[in-house]
Amino acid sequence: MSEKLITIKNLNKRYNIGTDREVVAVDNINLEIDKGDIYGIMGLSGAGKSTLIRLLNRLEEPTSGEIFVRHQIVPKKNKKNKENENITEETFENKNILEFKPAQLRQYRKKTGMIFQHFNLLNSRDVAGNVAFPLEISGWKKKDIAKRVDELLEIVGLLDKKNSYPEQLSGGQKQRVAIARALANNPQILLSDEATSALDPRTTNSILELLKDINKKFGITIILITHQMEVIRKVCNKATIMSEGKIIEEGETKEIFLNPKSDLAKEFVANIPHDEFRSDEELLKRSKNTETLALKLKLTEDQVNRAFVTEIIKKFDVEINILGGFIDKVSNIIVGNLLIEIMTNKEIGEEILAWLKENKVELEVL
Ligand SMILES: Nc1ncnc2c1ncn2[C@@H]1O[C@H](COP(=O)(O)OP(=O)(O)OP(=O)(O)O)[C@@H](O)[C@H]1O
Ligand SMILES: [Mg+2]
C-alpha cells in the first residue's frame, strides 16, 4: 500500500515585477507524492519547476495554497536523544509545512536534502569537510561526524577522494559529494533540481543509478526536476509535466510514455521507445543475443530533424526497434546517441549501412 508523503493543495506563487507586471510561476497546483516515489518534474524553461521545488522546502513562500508533509514529531522530552531512535509510525503526522514554527521548519529542512545542477560545494573545504558541514550545523560531535562522513562517502563510492578538493574532482564526483552531503541528516525527501544537466550521458547514468540505489536502500522519496525525458524514463515511477505554472500531464511514467495526452507530453515522448523501460546496457545485451543489426547513430544538429528511422523502415521494408538515446527537440541538441536495432538479413543490412553512409550519418556497428 502506498502512503502519501506530500499533498499539495491549490498552490500558487506569483512574482511581482515592477509595479504593474505579475508572473504566475506556479498556477493552482494540486499534487500527491507517495512515500518511496521517484517523482519526475518535466517542462520547458520557465514552466515553474524550480519554483515548485523551492516552495516544497520553503526557500520560497507561496502566494496561497497548502503543502502537507508527513512530518516526524520529536517529543520534547526526547529532544536530547540521538536522532532516529525509537521512531515508530506514530511519530509521524501530516502537517502543513507553511504553518511550521521556526523549530519545526529547521527540523523539516534537515530532513529534506537538496542537490543542484552546479553542485554548490564549498571550494575551501575538502570532500570530507563538505560532507561534514550539515552535521556540524546540526551539532554533532567530532568523533561521530568522522564516522558518519566515512559512511556517507562509502555510500556514494568516494571514500578514496575523502581529502580531495572540489576543483580536483570531475563533475560526476562533485555530484556524488553533493549527494553524500544531502544524505547526511538521514532525509526523508531528496529534492533534485537538474542534478544531471551538467553531466555527460554516461556520468548521468551513473548518478541516476546512485539515486535509484539510495531510494531503494533508504526509502528516501526523490523529487527530480529534469529537462530530459530520458531521465524520467530511467528512474522515475511517476512524473508530471508542467507548462506555464500548471500541471498539464501527471501519472505513472509508463502511462505517460505509452499514452501521452497533452501535445507537450507527446512531443517529449516522440523520440523515446514506447515499449522499453530498461537501461542502455541491458538493451544492448539483449540486442547482441539476436540476429539483428544494432547501430549507434550519431546524428548532428542538422540531421536530428530528419526522420532517419522512418526513412529506413519505408525504403528497406525492415522492422526497427529504437533501443535508446534521446534527441532533445526542445533545445535541438543531442543528448546521447540514437541506439537502434534493425531486424534484417546481412544483404539488406549492408545496403542500409551504405545508404546511411551516403547520407553522411556517423555511426557505430555494435
Ligand atoms: N525570484 C523571481 N522573481 C521574479 N520572477 C521569477 C523569480 N523566480 C522565478 N521567476 C519566474 O517564474 C517563472 C518560473 O520560473 P522557474 O525558475 O520556476 O522555471 P523552471 O521551470 O525551473 O525553468 P528552467 O527550466 O529554466 O530552470 C519564470 O517566468 C521566471 O522568470
Ligand atoms: Mg529551474
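Asn120 sits in the loop that links strand E6 (112-116) to helix H3 (127-137), where helices (H or I, at least four residues) and strands (E, at least two) are DSSP runs numbered from the N terminus. The model is a predicted one, so local features are given only at pLDDT of at least 70 and side-chain atom pairs only at pLDDT 80 or more, while totals for chains, interfaces and linings use all residues. Residues are numbered from 1 along each chain as its sequence is written, and chains are lettered from A and ligands numbered from 1 in the order in which they are written.

Back to that loop: Asn120 is not a glycine, yet its phi is positive, at about 55°. Asn120 counts as partly exposed because it has 13 C-beta neighbours inside 10 Å; the cut-offs are 20 or more other C-beta atoms within 10 Å for buried and 12 or fewer for exposed, with partly exposed in between and C-beta atoms placed from the backbone. Asn28 is another non-glycine residue with a positive phi, near 50°, but this one belongs to strand E2 (residues 21-34). With 14 other C-beta atoms within 10 Å, Asn28 is partly exposed.

E2 is half of a hairpin. Its partner is strand E1 (residues 4-17), and the two run antiparallel over ten bridges; strands count as paired if DSSP finds at least two bridges between them. Along this ladder Lys4 faces Asp34 and Leu11 faces Ile29. Three residues separate the strands of the hairpin, and Gly18 has a positive phi near 65° there.

The hairpin is part of an open, antiparallel sheet of four strands, ordered E2-E1-E4-E5. E2 and strand E5 (92-96) are the edge strands, each with a single partner, so one side of each has no neighbour in the sheet. From one strand to the next the twist averages 20°. Helix H1 (residues 49-56) lies across E1, E2 and strand E4 (64-72), at about 60° to E2; axes here are lines fitted to C-alpha atoms, for helices over the stretch in contact, and angles run from 0 to 180 degrees between N-to-C directions.

Ligand 1 draws on these elements too. E1, E2 and H1 each put at least two residues into its shell, and H1 gives the most, with three. The shell has 13 residues, of which Tyr15, Ala25, Ser45, Ser50 and Thr51 come nearest (near means a C-beta atom, placed from the backbone, within 6 Å). By class, five are nonpolar, seven polar and one charged; Ala, Val, Leu, Ile, Met, Phe, Trp, Tyr, Cys and Pro count as nonpolar, Asp, Glu, Lys and Arg as charged, and the others, Gly among them, as polar.

As for packing, the largest nonpolar core holds 69 residues, with Val131, Ala180 and Ile223 touching the most other members. Such a core is a set of buried Ala, Val, Leu, Ile, Met, Phe, Trp, Tyr and Cys residues joined through C-beta atoms within 7 Å. Helix H5 (residues 171-183) provides the largest share of this core, six residues. Beyond four places in sequence, Ile223 has contacts that include Ile33, Ile53, Leu56 and Leu191, a contact being a pair of C-beta atoms, placed from the backbone, within 7 Å.

H3 has Val131 among its buried residues, along with Val127, Ala128, Asn130, Ala132 and Leu135. Those buried residues pack against helix H4 (142-155) and H5. After H3 comes Gly139, with a positive phi near 80°.

Key
Two residues are in contact if their C-beta atoms, placed from the backbone, lie within 7 Å.
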